[in-house]
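Reader: Could you walk me through how to read strands and salt bridges here? I'd love the general idea alongside each case.

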Amino acid sequence: MTMIYLSLGSNVDRHRHIAAALSALNYLLGELQISSVYESKSVGFEGSNFFNLVVGADTTLSITELSENLKRIEDNNGRKRNGPKFSPRTLDIDILTYGDFVGIESGVELPRAEITKNAFVLLPMAEIASQAKHPQLLQTYAQLWSEYDQSSQQLWVIDFVWDGKKISQAQ
């Protein structure tokens with residue numbers, strides 16, 4: 001089994017697509033570690049606010065198999081792949097880490113650079129994997145978050161219920 005972390009994001013019919021993604025990931029991977037759900041402004045384009053979170057799970061799937069399954073989940077949720085890179089998304093699921101793997105496999109570069117660049121990835125990662133270490137930087141996600149310029153991107157926890165369970169609650 002390999003521990004993986006995934007980022008999920010949506011800014012189109014956000015609650016429905018995030019809930020559908022969690023259900024599909026739960027079916028695919030089994031028990032999930034789920035961060036709070038955060039809302040943030042779009043980064044890189046003008047658009048509706050995003051819901052973002054990080055999910056952790058153990059898997060026996062290879063990186064290739066995992067990537068193919070994640071693309072299928074995105075496609076099943078109306079993901080359009082022919083638009084600009086920075087544009088509205090029904091659902092975006094990215095592999096952040098795959099165990100301690102560092103490198104490129106099936107076009108997936110790991111660990112994903114967005115971990116240390118975007119608050120909406122790093123904060124939920126620090127929330128559910130605070131003492132885990134970034135495979136390249138060898139710092140814990142809690143350390144990386146404490147060193148991050150937290151004023152550079154605003155985000156806030158939102159109320160979110162999935163499968164009858166409260167995932168997160170606004171402060």
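Reader: Is strand β1 mostly covered or mostly open?

Author: Buried means under 20% relative accessible area and exposed over 50%, with partly exposed in between (1.4 Å probe, protein chains only). Strands (E, at least two residues) and helices (H or I, at least four) are DSSP runs, numbered from the N terminus. Strand β1, residues 2–10, is mostly covered, with seven of its nine residues buried. This is a predicted model, where local features need pLDDT of at least 70 and side-chain atom pairs pLDDT 80 or more, while totals for chains, interfaces and linings use all residues. Residues are numbered from 1 along each chain as its sequence is written, and side-chain values use heavy atoms, leaving out hydrogens and water.

Reader: Which strands pair with β1?

Author: Two strands pair if DSSP finds at least two bridges between them. β4 (residues 50–59) runs antiparallel to β1 over nine bridges, and there V55 is the bridge partner of L6. β5 (residues 92–98) is also antiparallel to β1, over six bridges, with D94 standing opposite S7.

Reader: How many salt bridges does the structure hold?

Author: Look for a side-chain nitrogen of Lys or Arg within 4 Å of a carboxyl oxygen of Asp or Glu. The structure holds five such contacts. One of them joins E39 and R14, with the closest N and O atoms 3.0 Å apart. E39 lies in strand β3 (residues 38–40) and R14 in helix α1 (residues 14–29), so this pair ties together parts 25 residues apart in sequence. E39 is buried at 13% relative accessibility, whereas R14 is partly exposed at 23%.
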